[in-house]
Amino acid sequence: MRRFSFLLLLSLLSTSAFSDDYHVLESTIGKDKIYMLIEEYESGYINACYFYESSLKNIPLAGEKDSIYTLYFASDVDEFKERFVLTKTPNNIFKGSWEDNTIKQDITLYPVSIDTVKHPFAQLNFVKQLSPFDYIRSSYFSFREEKTSSYKGKEFRWFYEEHSGCSFFRLGNDFSNADVANNTLAGLHISNAIDALSCSFDWSHGGGSMDFSTDISYLTDDLLGFALYASWYCGGPYPDWGTTGFLIDLNNGKSYGIDEIVAFDETVTTEKQSNFTAFSDYRVSYFAPQLMEIINEGEGFKNEGLREDCEYEELWVWNFPDWYFTEQGIMFIPSYPHVSAVCRVDFLVPFSGMKNYKHPQFPYDIFK
């Protein structure tokens, strides 16, 4: 699943786990409060960005340091649009100056402890796992209800996050035990909003955009399936798009990955359960060959509407496909780079096609 492993390619996820020194700081520019992230590496490389409390949108900064930290918003240090020149004190306070093309001011950036941050969604498991920088950012999120919809006679309530512009749904009042699944859905909404606000690039102040849409496509008494579509441009040569499927257990809020639903071999695993090597070995050796065979036996790759140059019978495009549930079965979307994005089309595997491959630990008998 590319949740958005496509976002990994866009460097939207924090690299703090691999940095040697990590600072989350606060200060003001003029009368506006800001929060800054500085990640230091032994090589001398600095990764940094900041956001204004009023907008929460990432502003990326290039960086270099010796005894002085120089962080600038530009593609070239000599043609900056903004620049911070800072020194670090022994207690990790950064002092110096900030300037743009018209103004220069003194600035002092102080470390922030997230223990002092009041977060309205602190009880959510997703929020508890956020980096300190995104924990602070998401504490300012504001949601308002915008509409309701129905699917198979059930009500869904849609909410809009004010800073990111992201809309997403919650279960309506006619679901029993709705709060459990709604906690999972609220976490996904916060995740989408963080991704949208993190989408930026270094030559346009406030540049970068990411848009989401959601299609509720499967519902039983126990399970809810939907597809989340994203399109984005966060720098680089081209915009891109992708699909992420979710299957939520309405009884406990668990979100199932495809390798927790179907198993083509006893070595089935996820990256979280083992490691990427074991996960990749399973996908390449068992998942892709069997999935391709099932799809080819059913819908086939020789349909008139399919492009011959897409080479759907190449195993590598099925190693890490996108997927989502429908009432008829599971849709799989082969994985292609942007240059071949036209080949990303849906292939339906009816539930009956998976009847021999239900994961032994998946609790519901849906493959009939």
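This is a short tour of one predicted model, stop by stop.

**Stop 1: helix H4**

Select residues 178–198. This is helix H4, with 21 residues. From its first C-alpha to its last it reaches 30 Å, close to the 30 Å expected at 1.5 Å a residue. Now show the surroundings. Of the 21 residues of H4, 17 are buried, so the helix is largely enclosed by the rest of the structure.

**Stop 2: the sheet beside it**

Keep H4 on screen and add the open sheet of four strands. The order is E12-E13-E14-E15, and the pairing is antiparallel. Which strands stand at the edges? They are E12 (209–219) and E15 (255–256). Each has a single partner strand, so one side of each is left without a neighbour in the sheet.

Next, select strand E13, residues 223–233. E13 pairs with E14 in the antiparallel sense, over ten bridges. For a landmark, pick Ala 227, which stands opposite Gly 245 in E14. Then bring H4 back into view. H4 packs on the sheet and touches E12, E13 and E14. The direction of H4 makes about 155° with that of E12.

**Stop 3: a salt bridge that starts in E14**

Stay with E14, residues 240–249, and select Asp 240. The side chain of Asp 240 meets that of Arg 344 in a salt bridge, 3.0 Å from N to O. Arg 344 sits in the loop between strand E17 (329–333) and strand E18 (347–350). The pair links distant parts of the chain, 104 residues apart. Are these two residues buried or exposed? Both Arg 344 and Asp 240 are buried.

**Stop 4: a salt bridge inside one helix**

Go to helix H3, residues 132–138. Show the side chains of Arg 137 and Asp 134, which meet in a salt bridge at 3.0 Å, N to O. The two lie three residues apart, about one turn of the helix. Arg 137 and Asp 134 are both buried.

**Stop 5: a salt bridge between two strands**

Select Glu 145 and Arg 157. They form a salt bridge, with the closest N and O atoms 2.7 Å apart. Glu 145 lies in strand E9 (residues 143–151) and Arg 157 in strand E10 (residues 154–161), so the pair ties together parts twelve residues apart in sequence. Glu 145 counts as partly exposed, at 38% relative accessibility. Arg 157 is also partly exposed, at 25%.

**Last stop: the wider set**

How many salt bridges does the structure hold? There are twelve. To finish, select Asp 21, Glu 40, Lys 65 and Lys 88, which salt bridges with shared partners join into one network.

Technical notes. Residues are numbered from 1 along each chain as its sequence is written. This is a predicted model: local features need pLDDT of at least 70, side-chain atom pairs count only at pLDDT 80 or more; totals for chains, interfaces and linings use all residues. Side-chain values use heavy atoms; hydrogens and water are left out. A salt bridge is a side-chain nitrogen of Lys or Arg within 4 Å of a carboxyl oxygen of Asp or Glu. Buried means under 20% relative accessible area, exposed over 50%, partly exposed in between (1.4 Å probe, protein chains only). The expected span of a helix is 1.5 Å times one less than its number of residues. Two strands pair if DSSP finds at least two bridges between them. Contact means heavy atoms within 4.5 Å. Axes are lines fitted to C-alpha atoms, for helices over the stretch in contact, and angles run from 0 to 180 degrees between N-to-C directions.
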